[in-house]
Amino acid sequence: MSRLGKDINKILQGIKDGRDDYKELLFQTTYNHLMVIARMHVHNQNDVEDVLQITYLRVFQYIQSWDSSKDGYNWICRIVQNEAYRMNTKNPDHLPLTEYAKQPDPKDFTDGVFAKSELGRYLAGYSDFDCQLIKMKFYEDYSYAEMAKKLKMKRSTLHRRVSIMVKEILAKRERELDENER
């Protein structure tokens, strides 16, 4: 018999005999212990409270079928485990592959933000390659070394081109701000 077995058996027998005040005593005596067990068995820790609530309801519902010659604490622990397994089945910690297929592509999101951003507006007159350089540098956070490796170009060439473009864009922006102030 478990360490709590004798005490829990007395409490369960009181509940079985119809004493409602023993339900609160059972809760106070077992809650912290059962919470540890539930946490060990559920995938999502947000489900622990639900598992414990269902466990106590099941204990009260099936108290008449409890065998008083056996360890009541172990009986309740088994209910916690079973409820945790049921909860895991209802709320799996993984998505089926079909759900992943429905996830948006983060590249599409970045492209959309880039196209609608102020910088995207200033790049309207530049070539696709120039736009790709700016996007890689400022939106995808590539270093010049990474860009050079990916594009098979010299770092210095890429740095120079990006620097020129940034100066031109800042100059365009200054002109627009000056025009708007007038």
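Where is the place of Glu 83? The place of Glu 83 is in helix 4. The points below start from the whole chain and come back to this residue. The model is predicted.

1. **Overall make-up.** The protein has ten helices and zero strands. Read from the N terminus, its elements run α-α-α-α-α-α-α-α-α-α. The protein has 182 residues, and 32% of them count as buried. Take the contacts with a separation of 6 or more. Residues 24 or more positions apart account for 59% of these.

2. **Helix 2, length and bend.** Helix 2 covers residues 21-41, which is 21 residues. At 1.5 Å a residue, helix 2 should span 30 Å. Its end C-alpha atoms lie 29 Å apart, so the span agrees with the expected value. Helix 2 also bends, by about 50 degrees, at Thr 30.

3. **Helix 2, buried residues.** Thr 30, the site of the bend, is itself buried. Also buried in helix 2 are Leu 26, Tyr 31, Leu 34, Met 35, Ile 37, Ala 38 and His 41. An α-helix has 3.6 residues a turn, so residues three or four places apart point the same way. The buried residues of helix 2 pack against three partners: helix 1 (5-16), helix 3 (48-61) and helix 4 (72-90).

4. **Helix 2 against helix 4.** Two packed helices are described by the angle between their axes and the distance between the axes. For helix 2 and helix 4, the axes come within 10 Å and cross at roughly 45 degrees. That angle makes helix 2 oblique to helix 4. The crossing is right-handed. On the helix 2 side, the contact is made by Leu 26, His 33, Leu 34, Ile 37, Ala 38 and His 41. Helix 4 contributes Tyr 73, Ile 76, Cys 77, Val 80, Gln 81, Ala 84, Tyr 85 and Asn 88. Several of the helix 2 residues are buried, including Leu 26, Leu 34 and Ile 37.

5. **Glu 83.** Back to the opening residue. Is Glu 83 of helix 4 buried or exposed? Glu 83 has a relative accessible area of 5%, so it is buried; the cut-off for buried is under 20%. Which residues does Glu 83 touch, not counting residues up to four places away in sequence? They are Val 51, Ile 54, Thr 55 and Arg 58. Helix 3 spans residues 48-61.

6. **Asp 141.** Look next at the loop between helix 8 (128-139) and helix 9 (144-151), where Asp 141 lies. Asp 141 is not a glycine, yet its phi is positive, at about 60 degrees. Its relative accessibility is 63%, so Asp 141 counts as exposed.

7. **Lys 152.** The loop between helix 9 and helix 10 (155-181) holds Lys 152. Lys 152 has a positive phi of about 55 degrees, although it is not a glycine. With 75% relative accessibility, Lys 152 counts as exposed.

8. **Helix 9 against helix 10.** Helix 9 and helix 10 pack at an angle of about 115 degrees, and their axes are 9 Å apart. The angle makes helix 9 roughly perpendicular to helix 10. Helix 9 passes helix 10 in a right-handed crossing. Tyr 144, Ala 145, Met 147, Ala 148 and Leu 151 make the contact from helix 9. From helix 10 come Arg 155, Leu 158, His 159 and Val 162.

Conventions
Residues are numbered from 1 along each chain as its sequence is written. This is a predicted model: local features need pLDDT of at least 70, side-chain atom pairs count only at pLDDT 80 or more; totals for chains, interfaces and linings use all residues. Side-chain values use heavy atoms; hydrogens and water are left out. Helices (H or I, at least four residues) and strands (E, at least two) are DSSP runs, numbered from the N terminus. The expected span of a helix is 1.5 Å times one less than its number of residues. The bend at a residue is the angle between axes fitted to the seven residues ending there and the seven starting there. Buried means under 20% relative accessible area, exposed over 50%, partly exposed in between (1.4 Å probe, protein chains only). Contact means heavy atoms within 4.5 Å. Axes are lines fitted to C-alpha atoms, for helices over the stretch in contact, and angles run from 0 to 180 degrees between N-to-C directions. Angles under 35 degrees count as roughly parallel, over 145 as roughly antiparallel, 65 to 115 as roughly perpendicular and the rest as oblique. A crossing is left-handed if the near helix is turned anticlockwise from the far one by less than a right angle, and right-handed if clockwise.
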